[in-house]
Amino acid sequence: MFGLSKEEIMLMLEKVGLEEKQKNAIADIMHLNNLRIEQQLAFIIHLVIEERERNISNNTYLN
C-alpha cells in the first residue's frame, strides 16, 4: 500500500482540534481516496505491462 492507513491518518489528526467523529470522517475519506488511487495506479500499470508484452511479441514475430 502506498498511501497512509486510517490509523496513520488518525494519528496525524490528533494534533487538530476537532471532535472524534470529525477526525474519523476525515480519516475515512482520505483512506478511501488513497485506496481508489492505488487501484487506478495498479490498473494503469497492468495496461502498460500488457502493451509492452504485446510490443515485444510483435517485434519478435516481425524479426
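Okay, so let's start with Leu41: is Leu41 buried, exposed or somewhere in between? Leu41 is partly exposed, because its relative accessible area is 37%, and the partly exposed class runs between the 20% limit for buried and the 50% limit for exposed. Keep in mind that what you see on the screen is a predicted model.

Where does Leu41 sit? Leu41 belongs to helix α2, which covers residues 20-62. To get a feel for distances, take Leu41 and Arg52, 11 residues apart in sequence. Going C-alpha to C-alpha, Leu41 and Arg52 are 16 Å apart in space.

Now let's zoom out to the whole chain. The protein chain has 2 helices and 0 strands. What about the overall dimensions? The C-alpha trace spans about 65 × 15 × 10 Å along its principal axes. The radius of gyration of the chain is 20 Å, whereas a compact globule of 63 residues would come in near 11 Å.

And how much of the chain is buried? That's 14% of the 63 residues. As for the accessible surface, we're at about 5500 Å² for the protein chain, and carbon and sulfur atoms account for 61% of that.

Contacts next. If you take the contacts between residues at least 6 apart in sequence, 40% of them join residues at least 24 apart.

Last bit, charges. I get 7 positive and 10 negative side chains in the protein chain. How far apart are the centres of those two sets? They lie 3 Å apart.

Terms used: Residues are numbered from 1 along each chain as its sequence is written. This is a predicted model: local features need pLDDT of at least 70, side-chain atom pairs count only at pLDDT 80 or more; totals for chains, interfaces and linings use all residues. Side-chain values use heavy atoms; hydrogens and water are left out. Helices (H or I, at least four residues) and strands (E, at least two) are DSSP runs, numbered from the N terminus. The radius of gyration is taken over C-alpha atoms; the globule rule is 2.2 Å times the number of residues to the power 0.38. Buried means under 20% relative accessible area, exposed over 50%, partly exposed in between (1.4 Å probe, protein chains only). Contact means heavy atoms within 4.5 Å. Accessible areas come from the Shrake-Rupley method with a 1.4 Å probe; for residues, only the protein chains shown count as cover. Lys and Arg count as positive and Asp and Glu as negative; His and the chain ends are not counted. The place of a charge is taken as NZ of Lys, CZ of Arg, CG of Asp or CD of Glu.
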